[in-house]
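Hi everyone, thanks for coming. I'd like to walk you through one model today, and please stop me whenever something needs a second look.

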Amino acid sequence: MDWKTGPSTSTMRVIGDVTESTVISVIQKEAKTRQFVIVDLEGTASRLVSRAIARASLVLIPLQGSAVDARQASRAVGLIREEEELIERKIPFRLVFTRTSAAIQSRIDRKIAASLQAASIPALATHLHERSAYKAMFVDKLALDELDPAAVNGLDAARENAMKLALELVSVAADVKEAA
Amino acid sequence: MSDPFGFATANRVAAKIAEIRPETEKTTEPSLAAIDKAADQLGFRSREAEEAKVMRRRREVGAGAQLNVKCPIPVYNRFIRFCDQERLPYWEGIEKLLDLAEVSQTGERKR
């Protein structure tokens with residue numbers, strides 16, 4: 001919400017102050033007029049999360065390469081499975097590795113990826129790397145393509161990484177819509 | 001087929017994006033009670049603070065004096081019921097009746 005108070009001319013509409021009692025109706029309303037509705041939730045196990053999942057077309061579970069995050073992600077997967085039974089429809093989901101090193105894949109990342117594969121938990125192939133450009137977006141309150149390359153280190157690499165992730169995401173979103 | 005300049009990929013992506021459109025059909029609302037129950041059991045509980053209780057506004061009343069009144073039982077009952085219904089302490093009940101009777105601060109009726 002704070003990000004949108006900056007100078008960015010992005011056409012993305014940011015809606016704040018969404019509560020447990022309004023989350024589903026806000027999603028329903030926006031989904032009628034918008035091509036993409038992204039619900040960015042706090043990383044806590046909450047009723048807001050469970051209600052948003054119940055209305056989602058695709059759930060993305062961000063995961064940093066740590067055992068604590070992996071356990072939290074597995075709780076979210078457990079909740080999705082439970083909700084699928086209750087609402088009697090599949091809730092497609094993907095895990096997304098975030099803040100990973102662009103240079104090397106750590107031993108822990110590899111171990112978590114192997115564990116996901118063994119349990120047939122789907123994950124996006126593209127990782128969102130740890131890049132200062134992503135932090136600069138929130139400092140300057142600008143979109144990635146609005147940042148000044150002279151002022152932000154590694155901007156080109158961050159844009160390339162974000163584009164790759166967005167393309168994979170669009171592809172997955174289109175596939176799950178087709179399968180629905 | 002090779003795509004050295006990425007044009008074919010760009011077309012494929014544009015086509016994929018175009019496939020995703022705003023929802024037109026009415027979606028059914030999930031049953032929240034069942035979802036909340038399942039979520040609670042898995043530790044996904046409400047993290048929102050309960051609505052804050054509105055504190056009753058206290059009036060500045062200044063110095064007080066005692067008023068003891070002997071009156072017929074029907075008048076007594078009427079007054080007590082009036083204060084109960086209006087949820088007023090007795091002195092505010094008297095004040096309200098004085099206001100309704102348009103009695104001024106100095107005790108004169110305005111009309």
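I'll go through chain B, then the cores, the salt bridges and a couple of backbone details.

One thing to keep in mind throughout is that this is a predicted model.

Let's begin with chain B. It has four helices and zero strands, so to speak in the order α-α-α-α when you read from the N terminus. Of its 111 residues, 15% are buried. Its accessible surface comes to about 10,300 Å², and carbon and sulfur atoms account for 54% of that.

Now, which residues of chain B form a nonpolar patch on the surface? They are L67(B), V69(B), I94(B) and L98(B), and together they have about 370 Å² of accessible area. Take V69(B) as one member of that patch. You'll find V69(B) in the loop between helix 2 (32-41) and helix 3 (73-86) of chain B. With a relative accessible area of 58%, V69(B) is exposed, because the cut-off for that is over 50%.

Please stay with helix 2 of chain B for a moment. Its buried residues include I35(B), D36(B), A38(B) and A39(B). They span an arc of only 165° around the axis, so they sit on the same side of the helix. What do those buried residues of helix 2 of chain B pack against? The answer is in the other chain: helix 2 and helix 3 of chain A. If you turn to the face of helix 2 of chain B that points away from the buried side, you see the exposed residues A33(B), K37(B) and Q41(B). After helix 2 of chain B comes G43(B), with a positive phi near 90°.

Over to the nonpolar cores. The largest one has 21 residues, and those with the most contacts inside it are V59(A), I61(A), F93(A) and L95(A). Which elements give two or more residues to this core? In chain A they are helix 2 (47-55), strand 1 (59-64), helix 3 (67-87), strand 2 (93-100) and helix 4 (107-118). Helix 3 of chain A provides the largest share, five residues.

If you'd like one residue to click on, I'd pick F93(A). Leaving out residues up to four places away in sequence, F93(A) touches L58(A), V59(A), I61(A), V77(A), I80(A), R81(A), I121(A) and P122(A). There is also a second, separate core of ten residues, with A133(A), M137(A), L147(A) and A158(A) among them.

Next, the charged pairs. Side chains of opposite charge can pair when their charged atoms come close. Over all chains, the count is ten salt bridges, and I'll show you a few.

The side chains of K141(A) and D2(A) meet in one of these, at 3.3 Å from N to O. K141(A) is in the loop between helix 5 (132-140) and helix 6 (155-179) of chain A, while D2(A) is in the segment before helix 1 (23-33) of chain A, so this pair ties together parts that are 139 residues apart in sequence. K141(A) is partly exposed, at a relative accessible area of 21%.

Then we have R13(A) and E30(A), whose closest N and O atoms are 2.8 Å apart in their salt bridge. R13(A) belongs to the segment before helix 1 of chain A and E30(A) to helix 1 of chain A, so here the parts tied together are 17 residues apart in sequence. Is each partner buried or exposed? R13(A) counts as partly exposed, with 48% relative accessibility, whereas E30(A) is buried, with 9%.

The pair K90(A) and E84(A) meets at 3.9 Å, N to O. K90(A) is exposed at 64%, and E84(A) counts as buried at 10%. Finally, salt bridges with shared partners join R47(A), R51(A), D36(B) and D40(B) into one network. You may remember D36(B) from the buried residues of helix 2 of chain B.

Last stop, the backbone. Most residues other than glycine have a negative phi. Here, E88(A) has a positive phi near 55°. E88(A) lies in the loop between helix 3 and strand 2 of chain A, and counts as exposed at 71% relative accessibility. S120(A), also not a glycine, has a positive phi of about 55°. S120(A) is placed in the loop between helix 4 and strand 3 (128-129) of chain A, and at 58% relative accessibility it counts as exposed.

That's my tour, and I'm happy to take questions.

Terms used. Residues numbered from 1 in each chain as written. Chains lettered and ligands numbered in written order. Predicted model: local features only at pLDDT ≥ 70, side-chain atom pairs only at ≥ 80, totals over all residues. Heavy atoms only, no water. Patch = residues over 30% accessible without salt bridge, like charges linked within 9 Å, V, L, I, M, F, W, Y side chains within 5 Å. Areas by Shrake-Rupley, 256 points an atom, 1.4 Å probe, with all protein chains shown as cover. Salt bridge = Lys/Arg side-chain N within 4 Å of Asp/Glu carboxyl O. Buried < 20%, exposed > 50% of the residue type's maximum accessible area, 1.4 Å probe, protein only. Core = buried A, V, L, I, M, F, W, Y, C linked by side-chain atoms within 4.5 Å. Contact = heavy atoms within 4.5 Å. Arc of directions from axis to C-beta.
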